[in-house]
Amino acid sequence: MPDDKISSERSLKVGRETRRWRQTRGLTLAQVGERSGLNIGYLSQIENEKALPSLEALASIAAALDVPPAWLLLDSTGAPRVVLE
């Protein structure tokens with residue numbers, strides 16, 4: 001059985017990115033639901049990291065947000081920068 005700490009560290013942050021892009025676009029969950037054909041409750045679960053979307057659902061969400069699907073898989077926090085002096 002996988003360790004919860006390890007599996008949570010490896011999990012994709014699709015929900016965080018979905019929420020970030022939705023808010024950047026000024027859309028409500030209802031609007032994304034209407035555009036994607038997905039249930040608002042399911043979208044809420046995705047945004048709250050309680051559900052991972054299928055590839056088909058991910059593509060529908062990305063289309064509703066007008067972003068490439070890969071953008072929902074990228075972590076926007078970015079890697080730390082090393083500055084040499």
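**Entry 1: Asp66**

I began with Asp66 and found it in the segment after H5. I kept in mind that this is a predicted model. Is Asp66 buried or exposed? With a relative accessibility of 64%, Asp66 counts as exposed, because the cut-off for that word is over 50%. Then I looked up its backbone angle: phi of Asp66 is near 60°, which is a positive value in a residue other than glycine. I noted this down because most residues other than glycine have a negative phi.

**Entry 2: Glu49**

Next I went to Glu49. Where does Glu49 lie? I found Glu49 in the loop that runs between helix H4, residues 40–47, and helix H5, residues 55–65. Here, too, I wrote down a positive phi in a residue other than glycine, with a value near 60°. For Glu49 the relative accessible area is 36%, so I filed this residue as partly exposed. That label fits because 36% falls between the limits of 20% and 50%.

**Entry 3: Ser36**

My third stop was Ser36, which has its place in helix H3, residues 29–36. Is Ser36 buried or exposed? Its relative accessible area is 13%, so I wrote "buried"; the label needs a value under 20%.

Which backbone atoms does the side chain of Ser36 reach? I found two entries to copy down:

- The backbone oxygen of Val32 is reached by the Ser36 side chain at 2.7 Å.
- The backbone nitrogen of Leu38 is reached by the Ser36 side chain at 3.2 Å.

I then asked which residues Ser36 touches, once those up to four places away in sequence are not counted. My list reads Leu43, Ser60, Ile61 and Ala64. I checked these against the helix ranges: Leu43 falls within H4 (40–47), while Ser60, Ile61 and Ala64 fall within H5 (55–65).

**Entry 4: The whole chain**

Last, I stepped back to the chain. How many helices and strands does the chain have? I noted five helices and zero strands. Read from the N terminus on, the elements go α-α-α-α-α.

I also looked up how much of the chain is buried: 28% of its 85 residues. The accessible surface comes to about 6100 Å², and carbon and sulfur atoms account for 54% of that surface.

My final note was on contacts. Taking those between residues at least 6 apart in sequence, I found that 59% join residues at least 24 apart.

Definitions and conventions: Residues numbered from 1 in each chain as written. Predicted model: local features only at pLDDT ≥ 70, side-chain atom pairs only at ≥ 80, totals over all residues. Heavy atoms only, no water. Helix = DSSP H or I, 4+ residues; strand = E, 2+ residues; numbered from the N terminus. Buried < 20%, exposed > 50% of the residue type's maximum accessible area, 1.4 Å probe, protein only. Polar contact = N/O pair within 3.5 Å; in protein donor to acceptor, adjacent residues only side chain to side chain. Contact = heavy atoms within 4.5 Å. Areas by Shrake-Rupley, 256 points an atom, 1.4 Å probe, with all protein chains shown as cover.
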